[in-house]
Amino acid sequence: MMEKMIFGRFIPGDSFVHQLDPRSKLIFTFIFVVIVFLANNVATYGLLLIFTLFVILISRIRLYFLINGLKPVIILVIFTFLIHILFTREGDVLLNLGFLEVYEGGLRQGIFISIRFVVLVFVTTILTLTTSPISITDGLEVLLNPLKKFKLPIHELALMMSIALRFIPTLMDETDKIMKAQMARGSDLGAGPIKDRIKAVVPLLVPLFVSAFKRAEDLATAMEVRGYRGGEGRTRYRQLKWDAKDTTCIFALVLMTALLVFFRS
Amino acid sequence: MRNQKLLWMVEIAIFAAIGYVLDQLKFSIWAQGGSVSLVMLPIILIAIRWGLSAGLMTGLIVGLLNMTINPYIVHWAQALLDYVFAFTFVGFAAIVRKQVLDGVSGNRKNKIALFVIIGTIIGGLLRFICHTLAGAIFFKEYAGDQNAWIYSIGYNGSYMVPAIILTAVAAVLIFTASPRLIKKEN
């Protein structure tokens, strides 16, 4: 059951996109998600598509990984495409099968919406393929820093995220170990009627939770004896560095936004 | 004396991680699977053990973990609802905290069970509402506004209803079997 679990999609590399600072990639992705909705005609959707293909190219990610990211949502893409084909009645009739009429507007809308969908999934997939979760967290911490003014515990949030990310593989191993231990005692987690399967969850989760509390206590003690006192004046092990590449990336995004605004109808 | 604030942070972080792990471990009880998982269980556990703010924080971190590790974003509002609010709101299960802890002190398993179920339903429904709103935004933007709400309720209900039932049953079994999990020793 656990073999299928892969933690995250990050693939290390040294392409232009890999080398970008997580902050610039996050800003890029956030703004991209918004400006995609500016597109409303052939020129603007074409621009989006070309721009995304260019990003894919310079990220030097194998297409296989991108397609993999698309897999879980491909049904939704097909669904929305079909809805437009079937129900949007604008423009000339392109195809008439008696029971089914496909309109030019429907086909166009269907293609536009599919492009928007695919482009969004690709860009967010590229972010996670080229940036490790821990750098995303570091980037988010800096970007969310202004929220500290509203007394939101941003430093604590980022620290908890880092701890959680650090413990996910450990806890996966542990879950696996406990499952095997219970199976060795004759508990069958994957079979039987629903009632039995849910009951089998108790001897799996109780030891997992108990040992997690133990771990938490040990970690809290370790942090305390090392003098952890919260965010003020803490220095960082992983330093973020903004350089010309990041400025270029943001500049490209601004240019893209300007083009979309200019060419949209 | 133990630094409670530090323990608060670390327990939240580790249980959010458990939430993520349990979310990966989908129980193949229903043929189509969906996202029927026990991801809400650790959030509810922390909500009852530490209170509302801890519950909300655990949920928020589970959502952010999902968003940083494996995001599906089709609209900015959908991202906010699906990844930030949906999981955070599961922490509102803390509303039943006092009653559950009373049940634990008095060793009344029926009371524990009843209020754990109520808490799970509250947290689960709030999450369901967020996913449904996010889905409606998606269907409105992508499929035209034909029956956006019906699609969304149907799609999200198909996994949220079983997930709430599964979580409630598991929570009752676990919390009545070992109440020490939800009651902090001081």
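# A guided tour of chains A and B

Begin with chain B and select residues 72-96: the C-alpha atoms at the two ends of this span lie 32 Å apart, and the span is 60% helix and 0% strand. Please keep in mind throughout that the model is predicted.

Next, select residues 112-139 of chain B. This span is 100% helix and 0% strand, with its end C-alpha atoms 40 Å apart. Both selections appear in UniProt, where an unreviewed entry lists residues 6-22, 29-52, 72-96, 112-139 and 159-177 of chain B under "transmembrane region".

**Chain A and its annotated spans**

Turn now to chain A. The "transmembrane region" annotation in UniProt, again from an unreviewed entry, covers residues 26-56, 63-87, 107-129 and 244-263 of this chain. Select residues 107-129 of chain A, and the span proves to be 100% helix and 0% strand, its end C-alpha atoms being 32 Å apart. Then select residues 26-56 of chain A: here the chain is 81% helix and 0% strand, and 16 Å separate the end C-alpha atoms.

**The domains of chain A**

Colour chain A by its domain assignment. Domain 1 comprises 16-145 + 242-264, while domain 2 comprises 165-226. The centres of these two domains, taken over C-alpha atoms, are 39 Å apart.

**A salt bridge within chain A**

Display the side chains of D138(A) and R238(A), which form a salt bridge with an N to O distance of 2.7 Å. This pair joins distant parts of the chain, 100 residues apart: D138(A) belongs to helix α7 of chain A, and R238(A) to the loop between α10 and α11 (244-263). Over all chains, the structure holds ten salt bridges.

**Where the chains meet**

Show both chains together. How many residues does each chain bring to the contact? Chain A contributes 65 residues and chain B contributes 58 residues. Between them the two chains bury about 5600 Å², of which 82% is on carbon and sulfur atoms. Select M160(A), F209(A) and F213(A): they supply 13% of the area that chain A buries against chain B, more than any other three residues.

For the charged link across the interface, select R116(A) and E141(B), which form a salt bridge with their closest N and O atoms 3.5 Å apart. One salt bridge is found across this interface, and five residue pairs, both residues at pLDDT 80 or more, are in polar contact between the chains.

Finally, highlight the helices on the side of chain A that touches chain B. At least two residues each come from α2 (22-35), α5 (74-87), α6 (104-130), α7 (133-144), α8 (154-184), α9 (194-199) and α10 (202-225). Which helix of chain A supplies the largest share? The answer is α10(A), with 16 residues. Colouring this side by class shows 49 nonpolar, eight polar and eight charged residues.

Terms used:
Residues are numbered from 1 along each chain as its sequence is written. Chains are lettered from A and ligands numbered from 1 in the order in which they are written. This is a predicted model: local features need pLDDT of at least 70, side-chain atom pairs count only at pLDDT 80 or more; totals for chains, interfaces and linings use all residues. Side-chain values use heavy atoms; hydrogens and water are left out. Domain bounds come from an automatic or database domain assignment. Contact means heavy atoms within 4.5 Å. Buried area is the accessible area (1.4 Å probe) that two parts lose on being put together, summed over both. A salt bridge is a side-chain nitrogen of Lys or Arg within 4 Å of a carboxyl oxygen of Asp or Glu. A polar contact is a pair of N or O atoms within 3.5 Å; within protein, one must be able to donate a hydrogen and the other to accept it, and residues adjacent in sequence count only if both atoms are side-chain atoms. Helices (H or I, at least four residues) and strands (E, at least two) are DSSP runs, numbered from the N terminus. Ala, Val, Leu, Ile, Met, Phe, Trp, Tyr, Cys and Pro count as nonpolar, Asp, Glu, Lys and Arg as charged, and the others, Gly among them, as polar. UniProt positions are given in the numbering used here, feature names are shortened, and annotations may be inferred rather than shown by experiment.
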